[in-house]
Amino acid sequence: MYCRKVGRPLLGLCGPGRSYSRAAVCRQRALWLRRSQHQALSRHNSTRSPSQSTVDPDEVKRFQSLASKWWDEQGEFAALHAMNDLRVPFIRDNLLNVHRAHHPGKPLAGLRILDVGCGGGLLTEPLGRLGANVLGIDPVENSIGTAQLHASYDPDLRDRVAYQACTLEELSADGAEEQEPVADRFDAVVASEVVEHLADLETFAFCCSHVLKPGGSLFITTINKTNLSYALGIVVAEQLLHIVPSGTHDWEKFISPVDLERLLESHGFSVQCVQGMLYNPVSGGWSWTNSTAINYALHAVKPRDSLQPDRAEESCPHPEDHAAATHS
Amino acid sequence: MHKLTKAALTCHGLGRCFISEKHVSAVKIISRGLVSAEHGDVYDVIISGGGMVGSAMACSLGMEPNLAGKKILLLEAGNKKVMDRVPEAYSTRVSSISPSSATLLSGTASPLTSYQKESVWDACSDALITFDKENLQEEMAYIVENDIVVASLTKQLDSMSDNVQVEYRSKVVKYRWPRPHHMAESIPWVQVTLANGKTLQTKLLIGADGPNSMVRRELGIPTVKWNYDQSAVVAVLHLSEPTENNVAWQRFLPTGPIAMLPLSDTESSLVWSTSHQHAEELLELDEESFVDAINSAFWNNENQSELIETAGSLFRGTLSTMMPSAGSPRQLPPSVAGIGPKTRVMFPLGMGHASEYIRHRVALIGDAAHRVHPLAGQGANLGFGDVACLTQLLSQAAFNGKDLGAMQHLLEYETERQRHNLPMMVAIDLMKRLYSTNSVPVVLLRTLGLQATNMLPALKEQIIAFASK
């Protein structure tokens, strides 16, 4: 396993006040800051959190400044913390529809979940507490460090939650190389507040399909591409109120549920449901809503039929991996 | 049953409380660098205080399916209360339990005596109010002995030992609170140091350690409190003849209310709140004189003035003309023949309310959060209400994968309970003040008010509903 050298980890911890858009996690990725001294953590390869003794005290100080921001429930990421009230039940209930719970107290026991763009682990930890084995990945190594540190104090989580600083492509590519058996793949992939920051959604969808077991679930939360999302998410949040720094979001990268659905279906997914989410800046809480005009959540399933994924692979833009499968 | 002195009783209470007589200076272990919590001992919930409310909380959490697999610990400074069979003689400390509290306790099987009616009347007039549910079908409330409740909860806890651990004779000497934000180099959990030197960590600490709560004190939570200049004398009474003992009686004397709560057909429990001096005098009396004092308190009419009597009966006449069907037939309280041997004790009364029930990773329940006058029989109920509310919120939080010590659901608990408890406490305090005086205008006011309320079944039903919640 290798890790792409991320020489530009994000600090991007932007201004004071609450972030309006929940993409605070991805805000970091969009702001590439060079950091001259950053070397030490380029090799977070292990899937287990390192024991406390291998962590450098210098790193601790760096994590410290980040930790107080990620895990401060009333701080900059307050809205992301609040979003857990919607995301966790959404994921839990949809998974329970398929895999009936056998363990009281740990409804997701026995399931493997991949959290793409996990950031500080805000969504990874609740899923771990519900009993799932969760792997959180994020290209920003500082975030991974923070997440590992936070999870290390809880003996409950130490066994169930793991982090890795890499991208989804790398993870998926590693799997392809080693020809990982189906059992090593994931029961669910969660990409919350991620897709609005990706350049190549086709690749993303392909990789998700690759790492998922047949019948596995894909959960996405993101922002719609509408006039309203431009007005509120960009103009108000970024330019008027400066809650989110300018340039964090690129409206062009937003994707409507219809387009996302089309994309996923072309990769063989079957979209089960799409639900709008609404943030109330006054109460700081989220609620489900009928309108998907701004934020929305989507649940798709990779079909169990083994033929379908091949067909999807044929149409993927990586022909060199599947030369044998293409018709020639 | 057991001879309890006055001093010992201040430590007795509806919840066990720790009053550390001496300060133990614990060595402060300052952890530098990364402290690993690798040595286990991180509990999900620690409940400090194993009285009625603390034990009920432990049982309630242990039986909650969403909390299966969580590590729960109950710390109790006293000894384990084991009761192989129900003792024949009734013990002194009893509580009045509403039906909803009874539901919470059901499954822990204590023998309960129920009462279906409650009659309350004024010593300074003839005004009477009777609370009863229609046709005496449903129970209004239950009288339970505190010891039996604790013993049966203990038995229940024994049966769920894989979920809930209990440690007896564990006195807490020190609490260490976590920082509000998680910072590296500090342990994010609450640390509890016991007298035997062991240090435990927990994600959520529940303080159920009684009116002199150490948890509350150590957190520095401001508490509104005052002492009533009253003490309560409790005893077990033998009635002069067996009767269908299903009515709770309470008479408001100018010195304080005297109440008789049914225990069985031949026995009742006495709770007499009066001035400290009078209470001491009552304890000194020999049995016969004490019995006489009780009977005269219930029957004596010397406090009534002519004016009040006339006004009262006039008003009553008017009301019964207007609403002839309202009001229940007047029953008479039973008279007392003797008292149970060595059951006479007294304890001081006060009011207390913590301004905050919660802090980061801490919640207060029961008397640690609120302490009331026994005149309405609500003290234990408020505590059980806290238990039910907090259990439900923690269960929901666990099902959502939340950290149990997170503020969000703790704030919900605080809001919900304060909204319920404060009006109740204010009402009880007002009642106490209203009935503590002999002055004619106040007596007239309360007399007419009580009679009017007695005639309004809808209002009485509201009052019962509120008290039964």
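Contact here means heavy atoms within 4.5 Å. Keep that cut-off in mind while you click through this predicted model.

**Stop 1: Asn163(B)**

Select Asn163(B). It sits in the loop between helix 4 (146–159) and strand 8 (164–167) of chain B. Now show what surrounds Asn163(B). Leaving aside neighbours within four places in sequence, Asn163(B) is in contact with Gly62(B), Leu67(B), Ala68(B), Gly69(B), Lys70(B), Lys71(B) and Ile72(B). Is Asn163(B) buried or exposed? Its relative accessibility is 16%, and the cut-off for buried is under 20%, so Asn163(B) counts as buried.

**Stop 2: strand 11 of chain B**

Select residues 199–207 of chain B, which form strand 11. Of these 9 residues, 8 are buried, so the rest of the structure largely encloses the strand.

Next, bring in the strands that pair with strand 11, one at a time.

- Add strand 1 (residues 42–48) of chain B. It runs parallel to strand 11, and 6 bridges join the two. To see one pairing, pick Val42(B); its bridge partner in strand 11 is Gln201(B).
- Add strand 10 (residues 190–194) of chain B. This strand is antiparallel to strand 11, with 4 bridges between them. Label Val190(B) and look across to Thr202(B) in strand 11, which stands opposite.
- Add strand 19 (residues 362–364) of chain B. Here the run is parallel again, with 3 bridges to strand 11. Leu205(B) has Val362(B) in strand 19 as its bridge partner.

Before leaving, zoom in on the hairpin of strands 10 and 11 of chain B. There are 4 residues between the strands. Pick Gly197(B) in this hairpin: its phi is positive, near 95 degrees.

One viewing tip for the side chains: in a regular strand they alternate between the two faces of the sheet.

**Stop 3: Arg344(B)**

Select Arg344(B), in the loop between strand 16 (336–339) and strand 17 (345–354) of chain B. Show its surroundings. Not counting residues up to four places away in sequence, Arg344(B) touches a set of residues including Leu282(B), Glu284(B), Asp286(B), Glu287(B), Phe290(B) and Ile339(B). Val234(B) and Ala235(B) are also among the residues touched. Ala235(B) and Arg344(B) are 109 residues apart in sequence, yet their C-alpha atoms are 4.6 Å apart.

Which backbone oxygens does the side chain of Arg344(B) reach? One belongs to Leu283(B), at 3.3 Å. Another belongs to Leu285(B), 2.7 Å from a polar atom of the Arg344(B) side chain.

**Stop 4: chain A as a whole**

Switch to chain A. Expect 11 helices and 8 strands. Of its 328 residues, 57% count as buried. Among contacts between residues at least 6 apart in sequence, 73% join residues at least 24 apart. Turn on the surface: chain A exposes about 13800 Å², with carbon and sulfur atoms supplying 51% of it.

**Stop 5: the annotated positions of chain A**

Select Arg87(A), Gly117(A), Asp138(A) and Ser192(A). An unreviewed UniProt entry gives these the feature "binding site".

Go to Ser192(A) in strand 4 (residues 186–192) of chain A. Ser192(A) is buried, at 6% relative accessible area. Beyond four places in sequence, Ser192(A) touches Met83(A), Arg87(A), Val116(A), Leu123(A) and Thr221(A). Draw a distance from the Ser192(A) side chain to that of Arg87(A): the two make a polar contact at 2.8 Å.

Finish at Asp138(A), in the loop between strand 2 (133–137) and helix 5 (141–152) of chain A. Asp138(A) is buried, with 2% relative accessible area. A polar atom of the Asp138(A) side chain lies 3.4 Å from the backbone nitrogen of Cys118(A).

Terms used
Residues numbered from 1 in each chain as written. Chains lettered and ligands numbered in written order. Predicted model: local features only at pLDDT ≥ 70, side-chain atom pairs only at ≥ 80, totals over all residues. Heavy atoms only, no water. Buried < 20%, exposed > 50% of the residue type's maximum accessible area, 1.4 Å probe, protein only. Areas by Shrake-Rupley, 256 points an atom, 1.4 Å probe, with all protein chains shown as cover. UniProt positions renumbered as here; feature names shortened; annotations may be inferred. Polar contact = N/O pair within 3.5 Å; in protein donor to acceptor, adjacent residues only side chain to side chain. Pairing = 2+ DSSP bridges.
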